[in-house]
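Please read the following report alongside the sequence and the model. The text takes up a pocket, a lysine and its partners, the aromatic pairs, a buried isoleucine and two backbone angles.

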Amino acid sequence: MSIQNEMNGVLGSLGIDGNCVRAEAHRHLAVYDIRLACRPAVLGKLERNAKSIALGIKSHTIPIMRLVPNEGIVRLQVALGMAQPVPLMNLFLNEVIPENMVFPMLLGESDEGRKLWMDMHNNPHLLISGSTGSGKSTLLHTIISNALVLHAIRERNVWIFLNDPKRIEFQEYNIPELTGNGKNGIIEIASSYEETLNQLEALSSMMEHRYIKMGELGIRSVEEDPRALPLALCIIDEVADLMIQDKGRKLETLLVKLAQKGRAAGLFMVLATQRPSVDIITGLIKANFPGRIACRTASRKDSEVILDRPGAETLLGRGDAVLQNMHFASVRFQVAHINPSESIDLFRRLSR
């Protein structure tokens, strides 16, 4: 029996007045498009029976439901098996970097089997959340690797600013050929709250000087000429550890300022945390970080903070993630896997 017919059988057994018009499976993920009858309460019945649907199709996760109004369907996304690793090296093979993107990032593979490219300029500042074992750390290394590749092949000049409060996640990048021993390197690493403040203040000053430079060049944004200025990527891991120390709200003020003005100047921010509570991801930060990526969260409430809806708590972990862009369109994908040593080796090979 096809997975489409199986879904139709489950819908019928639950008395849900609708029809599965499309079903596709790739690797461990499957997508079902359901067209419901135009009658009151049918959508609510579908939502209330999410767990029963999961049992009926024997999925590993409860369906994540998303309305697609322009197609008149409800899209259900589930995992039919355990997450399968997708090496970033394999995705890069014979791949041409999209020319129409300002800051292209190859994040992984979508639930429909397509390579998932994201332009940081269109998702200018990202919030990333995921509990232990969710694949959050792998995603951060994948983002760093993309930036290193762009710099190595001279497609873009990229500066990378890393913040590692636990002094564990990014220390492998602390080598002279990347940091330049503090002079003319492409990576700078901060660890303490004070070092992070100093780094962000330097980025703020750099941003203001860039606006002067863009005026001299006659451009209003790096989008008009992506090679006019080096792109700057700032990644803060476990931002919760820093926000707890932010009694005077200096950190939050700097983050919001950089987010509000950074995009046009080619500065892009990524904040990551295991604990996306409202006292960490404040309203001001959420409003200025419109791009979201959720790996598996610890609870429904955490999912609602990061995505403004439930669902991330049902993800498989191990890189099973949801990307939601600034227009609230979302896609489920498997994070591409790469570790720091592989990223550095790739950077060295491409730099020759």
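Strand β3 gives the most to the lining of the largest pocket, with 4 residues, in what is a predicted model. Alongside β3 (64-68), the helices α2 (42-48) and α3 (50-57) each supply at least two residues of that lining. The lining has 22 residues in total, and those that lie nearest the centre of the pocket are Pro63, Ile64, Met65, Pro310 and Gly311. The space inside the largest pocket comes to about 590 Å³, and its lining residues divide into 11 nonpolar, 4 polar and 7 charged.

A second point of interest is Lys286, which lies in helix α10, residues 283-288. Which residue's side chain does the side chain of Lys286 meet in a polar contact? The partner is Asp308, with the two side chains making their polar contact at 2.7 Å. Leaving aside neighbours within four places in sequence, Lys286 is in contact with Leu127, Ile281, Arg292, Glu304 and Val305 as well as with Asp308.

Asp308 itself is placed in the loop between α11 (300-307) and β14 (320-324), and its relative accessibility of 42% means that it counts as partly exposed. The backbone of Asp308 also deserves a look, since phi is near 65°, a positive value in a residue other than glycine. A positive phi, of about 55°, is likewise found at Arg167, which is not a glycine either. Arg167 is found in the loop between β9 (158-163) and α6 (176-179), and at 49% relative accessibility it counts as partly exposed.

Turning to the aromatic residues, the structure holds 2 aromatic pairs, set out in the table below.

| Pair | Arrangement | Centre to centre | Angle between planes |
|---|---|---|---|
| Phe103 and Phe268 | edge-to-face | 5.4 Å | 65° |
| Phe170 and Tyr173 | tilted | 6.5 Å | 50° |

Why can the pair of Phe103 and Phe268 be said to tie together parts that are 165 residues apart in sequence? The reason is where the two residues sit: Phe103 lies in the loop between α4 (88-92) and β6 (104-110), whereas Phe268 lies in strand β12 (residues 267-273), so the pair joins parts with that separation of 165 residues. Phe103 counts as buried because its relative accessibility is 0%, and Phe268, with a relative accessible area of 0%, is buried too. In the tilted pair, Phe170 is buried, and so is Tyr173.

Another buried residue is Ile236, which lies in strand β11, residues 231-236, and which counts as buried because its relative accessibility is 0%. How far apart in space are Ile236 and Met269, C-alpha to C-alpha? The two C-alpha atoms are 8.1 Å apart, although the residues are 33 apart in sequence. Not counting residues up to four places away in sequence, Ile236 touches Asn163, Thr196, Leu200, Leu242 and Leu255, together with Val270, Leu271 and Ala272.

To return to the charged contact partner, Asp308 brings together two of the topics above, for its side chain makes a polar contact with that of Lys286 and its phi is positive, near 65°.

Note on methods. Residues are numbered from 1 along each chain as its sequence is written. This is a predicted model: local features need pLDDT of at least 70, side-chain atom pairs count only at pLDDT 80 or more; totals for chains, interfaces and linings use all residues. Side-chain values use heavy atoms; hydrogens and water are left out. On a 1 Å grid over the protein atoms alone, a cavity is a set of points where a 1.4 Å probe fits but cannot get out, and a pocket is an open set with protein on both sides within 12 Å along at least five of seven lines; lining residues have an atom within 4 Å of a point. Grid points are joined across faces, edges and corners, and a volume is the space filled by probe spheres set on the points. Ala, Val, Leu, Ile, Met, Phe, Trp, Tyr, Cys and Pro count as nonpolar, Asp, Glu, Lys and Arg as charged, and the others, Gly among them, as polar. A polar contact is a pair of N or O atoms within 3.5 Å; within protein, one must be able to donate a hydrogen and the other to accept it, and residues adjacent in sequence count only if both atoms are side-chain atoms. Contact means heavy atoms within 4.5 Å. Rings of Phe, Tyr and Trp (its six-membered ring) pair if their centres lie within 6.5 Å; planes under 30 degrees apart count as stacked, over 60 as edge-to-face and the rest as tilted. Buried means under 20% relative accessible area, exposed over 50%, partly exposed in between (1.4 Å probe, protein chains only).
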